[in-house]
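Here is a short briefing on one protein chain. Keep the viewer open while reading.

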Amino acid sequence: MTAPFCSVRGLSVRYGQEAALKSINLDIIGGERLAIIGESGSGKSTLARALAGLLPERTKIEGNITWPALGYAPLPGRDFGFVFQDPSTSLNPVLTIGEQIAEAAQRHLGFGWRQAYARAEELLTRVRLPQPTNAMRAFPHQLSGGQRQRVAITAAIAAKPALLIADEATSALDVVVQAEIVRLLDGLVREEGMTLLFITHDIALASGFVDRVAVFHNGELVEAGPIRSVLSSPADSYTAALIASHRDLSTPPLIAEMAS
Ligand SMILES: Nc1ncnc2c1ncn2[C@@H]1O[C@H](COP(=O)(O)OP(=O)(O)OP(=O)(O)O)[C@@H](O)[C@H]1O
Ligand SMILES: [Mg+2]
């Protein structure tokens with residue numbers, strides 16, 4: 001068996017008195033699309049921040065996170081990219097779109113500025129931003145929310161990271177744009193052979209494209225497995241309730257998945 005990309009063992013995290021994560025064991029397999037599902041406060045972003053080494057100082061952390069396939073601790077920006085719910089948290093308002101994407105390529109790939117700028121434009125074309133040459137000179141506020149998220153994704157993958165962490169990356173978008181961004185992420189990770197951690201409270205959205213799912217509830221990992229088997233026969237009652245709540249809503253991707 002090949003070594004997992006990332007191995008989490010006995011991970012507990014406490015910001016204050018309450019544990020935000022309780023003794024989590026989870027392997028992330030290289031090249032997989034893994035959904036992290038759970039309601040607000042279940043510990044999803046805490047897991048992402050722990051993986052990224054971005055937990056605040058004085059957070060109490062127990063357990064281990066290792067990167068067997070990499071063989072070293074990953075560097076943010078180079079080995080993994082982050083996409084957040086609100087692209088304005090990751091985009092710099094005073095830099096043009098072209099400058100900020102090129103800057104990531106320049107810093108981590110050792111490109112000269114011209115080469116980095118050319119890569120930025122090529123990437124913007126790939127993420128199907130309209131008029132990429134003009135967009136290179138635009139500032140974030142001149143784009144729509146969906147376009148800004150495409151730019152944030154582009155900046156996150158500019159350095160060809162092995163892992164992309166998308167934390168509620170589509171939650172602020174309307175359903176049509178949400179579906180477009182999911183398709184974009186899906187296509188990019190396949191083409192680049194990246195591993196994707198897709199964090200969401202929406203199991204229906206994730207079910208359309210991920211390989212595996214890990215369900216979090218109150219800081220505990222209640223269940224993890226291939227998406228199809230979790231949907232058809234959830235082992236945990238909380239997961240079953242989550243699925244049932246979506247079935248009531250007749251959410252299309254989940255129903256399609258379950259019917260096929
Ligand atoms: N910086 C922090 N300081 C103190 N407590 C925190 C901090 N960040 C998160 N928490 C607490 O840790 C718990 C888990 O939070 P976390 O942000 O990981 O949840 P989440 O699943 O990402 O939720 P959401 O879906 O709302 O983003 C919550 O009870 C939250 O209040
Ligand atoms: Mg969160």
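In this predicted model, Gln-178 counts as buried because its relative accessibility is 12%, under the 20% cut-off. The residue lies in helix H6. Which residues does Gln-178 touch, leaving out those up to four places away in sequence? They are Thr-170, Ser-171, Leu-173 and Leu-205.

**Nonpolar cores**

- Helix H6 spans residues 175-192 and gives the largest share of the largest nonpolar core, with 7 residues.
- That core holds 53 residues.
- Ile-101, Leu-124, Val-151, Leu-164 and Phe-198 touch the most other members of the core.
- Leu-124 has contacts with Ile-97, Ile-101, Leu-129, Pro-132, Ala-135, Met-136, Val-151 and Thr-154, when residues up to four places away in sequence are not counted.
- Two of the partners of Leu-124, Ile-101 and Val-151, are also among the residues that touch the most other core members.
- A second core is separate and has 27 residues, including Trp-67, Phe-80, Phe-82 and Ala-214.

**Helix H1**

- Is helix H1 buried or exposed? Of its 9 residues (44-52), 7 are buried, so the helix is largely enclosed by the rest of the structure.
- The buried set consists of Lys-44, Thr-46, Leu-47, Ala-48, Ala-50, Leu-51 and Ala-52.
- Lys-44 and Thr-46 are thus listed as buried alongside Leu-47 and Leu-51.
- Gly-53 comes just after H1 and takes a positive phi of about 70 degrees.

**Overall fold**

- The chain contains 10 helices and 9 strands.
- Its radius of gyration is 18 Å, close to the 18 Å from the globule rule for 260 residues, so the chain is as compact as a globular protein of that length.
- Along the principal axes, the C-alpha atoms fill a box of roughly 55 × 40 × 40 Å.
- Take the contacts between residues at least 6 apart in sequence: 65% of them join residues at least 24 apart.

**Burial, surface and charge**

- Of the 260 residues in the chain, 49% are buried.
- The exposed area of the chain is about 12,100 Å².
- Carbon and sulfur atoms supply 52% of that area.
- Charged side chains number 23 positive and 26 negative.
- The centres of the positive and negative sets lie 4 Å apart.

Technical notes:
Residues numbered from 1 in each chain as written. Chains lettered and ligands numbered in written order. Predicted model: local features only at pLDDT ≥ 70, side-chain atom pairs only at ≥ 80, totals over all residues. Heavy atoms only, no water. Helix = DSSP H or I, 4+ residues; strand = E, 2+ residues; numbered from the N terminus. Rg over C-alpha atoms; globule rule 2.2 N^0.38 Å. Buried < 20%, exposed > 50% of the residue type's maximum accessible area, 1.4 Å probe, protein only. Contact = heavy atoms within 4.5 Å. Areas by Shrake-Rupley, 256 points an atom, 1.4 Å probe, with all protein chains shown as cover. Lys, Arg positive; Asp, Glu negative; His and termini not counted. Charge placed at Lys NZ, Arg CZ, Asp CG, Glu CD. Core = buried A, V, L, I, M, F, W, Y, C linked by side-chain atoms within 4.5 Å.
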